[in-house]
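This report considers one protein chain under a few short headings. The sequence and the structure are shown first.

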Amino acid sequence: MKATLVALALAAVASCATQSSAAAAPAGWHTERSGTTSTLYDVGCLSASHCFAVGDAGTLLATTDGGRTWHHQASPTRAPLYRIACALPASCYAIARPDTIVMTHDAGAHWTKRTLPVHVPGLSLAGCVIGDGTSPQGEMPCRLGLLDISCPSASTCYAVATAASGWDTDPISPGSGAAPGSSLWLTRNSGTTWTHQPIPSGVVCNGDCSQPYRYPLEWVSCAPSGPCWAGGNQLIGSHEGFASALLVTSAPGRPWRLEPGCSANNPCSEPPTDLGSCPASTGCYAVNNSNPFGDGSSTIGIYTATGRNGPGVTVPSGLYIDDIACPAARTCYTAGAGGTITRTTNGTRFAKVKAPVRRNLNGITCITTTACYAVGADGAIEAYNTE
C-alpha cells in the first residue's frame, strides 16, 4: 500500500535528536490521546517523532513529539482522508476520496489539493459487497474512487482509483474497446500534474470462465528502488471465480504489465489481493481479505517481480486485516478488526502481538522495525517502540 519506509528509517535512525522525544514513550504498544472521536483511516511519518493521521470529514492530525501530543491541522477538504504516504525530506500525500489528492511539501505547515479526473461521483456502489458477511466487519460496500497512494520519492507518487464499472461482473464484449474499470495515476513533479497510466483493459477470471473482465485496483506499493506493484480483485460468481489483477512496473514511468503468473491452462489469472506492501525489490506481501469461500479470515502471500510465489505464509485464523506495513524485507506488521495487530520477523509466520485496544484498526505504518503507529475507530491511535 503506502510507500515503504526503509529509506525513511535510515534517516530517522541517523538523527538522534529527532528520535529523542519518541524514545520517551512507553516501550511496547500503548494508546495515545488523539483528541478526536472521528474514525482514522491511516497514518504516515516523516520520522519516528513527526507523523500525520488522517480520517473522516477531512480529519488531519499531526505529532512532532513522537505521539505524546497530537493536534489538529487545517485541512483543505471535508472529504474523508483515506490513505497517506510520506517521503523525505518534507512531503506527504493523502487521498481525499473520491477524487482529490491533499499534499504538503513543508512538513505540514501548508496543505494544498489537486483534483484528478477519475469520474467517480460517490464512495460506494449500492448492492455490491465484498465477502460473505462472516468477517468481524461484516459485508463491506465495494469501494470507489481513489483508494491508495505510494510515493517512492518526494516528487514521485502513484495513486489508484476504481470506478463503478470495475465491479461489473459481466464479461467485456470482444472488440468493444472497454476501459478496465480502474485507473492508475503518476506524478513526477510533486503533485502539480497527474498523468493517466496505460494498464491492461481486462483480466481472465480464475474459474469456469475464459472471457476478460474489468477489475478494481485497490492498492499500490513501491519498493524504495523499484519495482512498483498494484492489485485488486472482484468475485465474478461462486462458480466462475475471481477477476484479479496484480500489476508491476520496473520503475516509475515505465510500462505496467500483469505479473507473469500465467500458464497454458490459466492464461492470465492473477492471485486475489486487496492490500499490499513492498519492502524490497525482491517482492511484496499481499493480503486477500475478500474470499467468501473460507472462514472470513485474511490470508497473506509473497510475490516476486518474476512471477514466482515466495514461501508459504501463515497467519492466525479468524483475523480480518485492514492494512499491512513492512519496514524491512522480512519484518511486517498488520492491523485489523478488533484491534488485532500481528507481526512477522522471519517473513513467513505472522503472530499476534499484545495490543491495548479492541477497536477496529484501519491503518498502520512503521518507520523502523521497532517504531510503528496504528489508527482506527473512534480516533484510536496506538504506538509501538522498544527504546
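## Basis and confidence

Two strands are taken to pair if DSSP finds at least two bridges between them. The model discussed here is predicted. Its chain has a mean pLDDT of 85, with 84% of the residues at 70 or more.

Two stretches call for separate mention. Residues 3–23 have a pLDDT below 50, and in the model this stretch makes 49 contacts beyond near neighbours in sequence. The pLDDT is also below 50 over residues 263–267, a stretch with four contacts beyond near neighbours in sequence.

## A four-stranded open sheet

Four strands form an open sheet in the order 18-19-20-21, and their pairing is antiparallel. Strand 18 (219–222) and strand 21 (257–258) are the edge strands, each of them pairing on one side only. In general, the strands of a sheet pair through backbone hydrogen bonds, in a parallel or an antiparallel manner.

Strand 18 and strand 19 (residues 228–237) run antiparallel and are joined by four bridges. V220 has A230, in strand 19, as its bridge partner.

## S221 in the edge strand

Strand 18 also contains S221. Is this residue buried or exposed? The relative accessibility of S221 is 0%, below the 20% limit, and the residue therefore counts as buried.

S221 is also placed beside a part of the chain that is remote in sequence: S277 is 56 residues away along the chain, yet the two C-alpha atoms are 5.6 Å apart. In addition, the side chain of S221 reaches the backbone nitrogen of C278 at a distance of 3.0 Å.

## Aromatic pairs

How many aromatic pairs does a search of the whole structure find? The search returns eight. One of the aromatic pairs consists of Y41 and Y82, which is tilted, with 5.5 Å from centre to centre and 55° between the planes. Y41 belongs to strand 2 (residues 40–45) and Y82 to strand 6 (residues 81–87), so that distant parts of the chain, 41 residues apart, are linked by the pair. Y41 and Y82 are both buried.

Y158 and W256 form a further pair, with ring centres 5.1 Å apart. Their planes stand at 85°, over the 60 degrees required, and the pair is therefore edge-to-face. Y158 lies in strand 13 (residues 157–162), whereas W256 is in the loop between strand 20 (241–249) and strand 21; the pair therefore ties together parts 98 residues apart in sequence. Y158 and W256 are each buried. Elsewhere, one aromatic cluster is formed by W29, Y333 and Y384.

## Charges over the ring of Y82

The ring of Y82 also has charged partners. R83 lies over the face of Y82, 5.2 Å from the ring centre. The charged end of R97 likewise sits over the Y82 ring, at 4.9 Å from its centre.

## The surroundings of T334

T334 is located in strand 26 (residues 331–336). With a relative accessible area of 1%, T334 is buried. Its side chain and that of T342 are joined by a polar contact of 2.5 Å.

Which residues are in contact with T334, leaving aside its neighbours within four places in sequence? They are I300, I321, D323, I324, T340, I341, T342, F350 and I364. T342 thus appears both in this list and as the partner in the polar contact.

Methods: Residues are numbered from 1 along each chain as its sequence is written. This is a predicted model: local features need pLDDT of at least 70, side-chain atom pairs count only at pLDDT 80 or more; totals for chains, interfaces and linings use all residues. Side-chain values use heavy atoms; hydrogens and water are left out. Helices (H or I, at least four residues) and strands (E, at least two) are DSSP runs, numbered from the N terminus. Buried means under 20% relative accessible area, exposed over 50%, partly exposed in between (1.4 Å probe, protein chains only). A polar contact is a pair of N or O atoms within 3.5 Å; within protein, one must be able to donate a hydrogen and the other to accept it, and residues adjacent in sequence count only if both atoms are side-chain atoms. Rings of Phe, Tyr and Trp (its six-membered ring) pair if their centres lie within 6.5 Å; planes under 30 degrees apart count as stacked, over 60 as edge-to-face and the rest as tilted. A charge sits over a ring if NZ of Lys or CZ of Arg is within 6 Å of the ring centre and within 35 degrees of the ring normal. pLDDT is the predictor's confidence in each residue, from 0 to 100. Contact means heavy atoms within 4.5 Å.
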